[in-house]
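Here are my notes on this one, written as numbered points. Keep the 3D view open while you read and click on each residue as it comes up.

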Amino acid sequence: WLRDLVRWVDAGPCEAWPNPLDLEVFYPSPRETIRQELGLRQEEIFLLAAAENLADPRKGIDLLAEAWKHIYRTPGLRLGLMGRNCPPILKNDSRVINFGPVNSEKRVAELMVAADLFVHPAKVESYGLVLEEAQACGTPVVAFAGGGIHETLEAGRTGWLLGERSVLNLASCLEDIL
């Protein structure tokens, strides 16, 4: 859609680059070993979210932190966060695993395979490669619609698209999924 827009406004030459997703790294694989390593019991529900900087307001982790208050009492629910600057409200919760920055694609893929659901509460997203990574690992995604999210997520098939960007909308969707 972006290439077509650039061509439509006649902004000069524009190339479409192939998908940068490495399918040798991101693919569905057995999850039991990594879940055991993480200390997750088989019956636990593991949600995962990621951002290079979790404090970046565009990434919506603040919305997830507030939505967590609505759902954290769900039995066996755990949340994992990848990225720097974990919000204190989540960092101090014993049900939250703060992985910090994860610099290895292999480790990112392992964590995505271990997750039952990838939560992407970004308020602004140009494309969402992280959504493709999760889906390539066989993990469904919940995300707010907008930007390039429609290019990477098929609602009802590979995850859930949320319209209104709000804590209550995210919490309600997560409650329904859980």
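Is Asn85 buried, partly exposed or exposed? Point 1 has the answer; bear in mind throughout that we're looking at a predicted model.

1. **A loop residue to start with.** Asn85 is partly exposed, because its relative accessible area is 41%. You'll find Asn85 in the loop between E2 and helix H4 (88-91). Have a look at its backbone too: phi is near 65°, a positive value in a residue other than glycine. For background, most residues other than glycine have a negative phi.

2. **The strand before that loop.** Now go to strand E2, residues 77-84. How many of its eight residues are buried? Seven of them are, so the strand is mostly covered. E2 pairs with strand E1 (residues 45-53) in the parallel sense, over seven bridges. To see the pairing for yourself, pick Ala49, whose bridge partner in E2 is Leu81. Another pair to click on is Ile45, which stands opposite Leu77 in E2.

3. **E2 has another partner.** Strand E3 (residues 96-100) also pairs with E2 in the parallel sense, this time over four bridges. Here Leu79 stands opposite Val96 in E3. While you're looking at strands, a handy piece of background: in a regular strand the side chains alternate between the two faces of the sheet.

4. **E1 and its surroundings.** E1 is largely enclosed by the rest of the structure, because seven of its nine residues are buried. Besides its pairing with E2, E1 pairs in the parallel sense with strand E4 (residues 117-120), over two bridges. Leu48 is the residue to find here, as it stands opposite Phe118 in E4. Then trace the chain from E1 through H3 to E2: together these three make a right-handed β-α-β unit.

5. **A salt bridge along H3.** What joins the side chains of Glu66 and Lys69? They meet in a salt bridge, at 3.1 Å from N to O. Both sit in helix H3 (residues 61-71), and because they are three residues apart, about one helical turn separates them. Glu66 counts as partly exposed, since its relative accessibility is 33%. Lys69 is partly exposed as well, with a relative accessible area of 40%. The general idea is simple: side chains of opposite charge can pair when their charged atoms come close.

6. **A salt bridge in H5, and its network.** Arg107 and Glu110 also meet through their side chains in a salt bridge, at 3.1 Å from N to O. They lie three residues apart in helix H5 (residues 105-114), so they are separated by about one helical turn. Arg107 is partly exposed at 22%, and Glu110 is partly exposed at 24%. Salt bridges that share partners link Glu37, Lys106, Arg107 and Glu110 into one network.

7. **A buried partner.** Arg41 forms a salt bridge with Glu44, and their closest N and O atoms are 3.5 Å apart. Is Glu44 buried or exposed? It's buried, because its relative accessible area is 5%. Arg41, on the other hand, counts as partly exposed at 46% relative accessibility. If you want to hunt for others, a search of the whole structure finds 15 salt bridges.

8. **Cysteines without disulfides.** As background, a disulfide is a covalent bond between the sulfur atoms of two cysteines. How many disulfides are there in this model? The count comes to zero. Two cysteines worth finding are Cys86, which is buried with a relative accessible area of 7%, and Cys173, which counts as buried at 10%.

9. **A greasy spot at the start of the chain.** Finally, colour Trp1, Leu2, Leu5, Trp8 and Val9. They form a nonpolar patch on the surface, with about 600 Å² of accessible area together. Trp8 belongs to helix H1 (residues 2-8). Why does Trp8 count as exposed? Its relative accessibility is 70%, and the cut-off for exposed is over 50%.

Definitions and conventions
Residues are numbered from 1 along each chain as its sequence is written. This is a predicted model: local features need pLDDT of at least 70, side-chain atom pairs count only at pLDDT 80 or more; totals for chains, interfaces and linings use all residues. Side-chain values use heavy atoms; hydrogens and water are left out. Patches are made of residues with over 30% relative accessible area and no salt bridge: like charges are joined within 9 Å, nonpolar side chains (Val, Leu, Ile, Met, Phe, Trp, Tyr) within 5 Å. Accessible areas come from the Shrake-Rupley method with a 1.4 Å probe; for residues, only the protein chains shown count as cover. A salt bridge is a side-chain nitrogen of Lys or Arg within 4 Å of a carboxyl oxygen of Asp or Glu. Buried means under 20% relative accessible area, exposed over 50%, partly exposed in between (1.4 Å probe, protein chains only). A disulfide is a pair of cysteine sulfur atoms within 2.5 Å. Two strands pair if DSSP finds at least two bridges between them. A crossover is right-handed if, with the strands pointing away from the viewer, the path from the first strand over the helix to the second runs clockwise.
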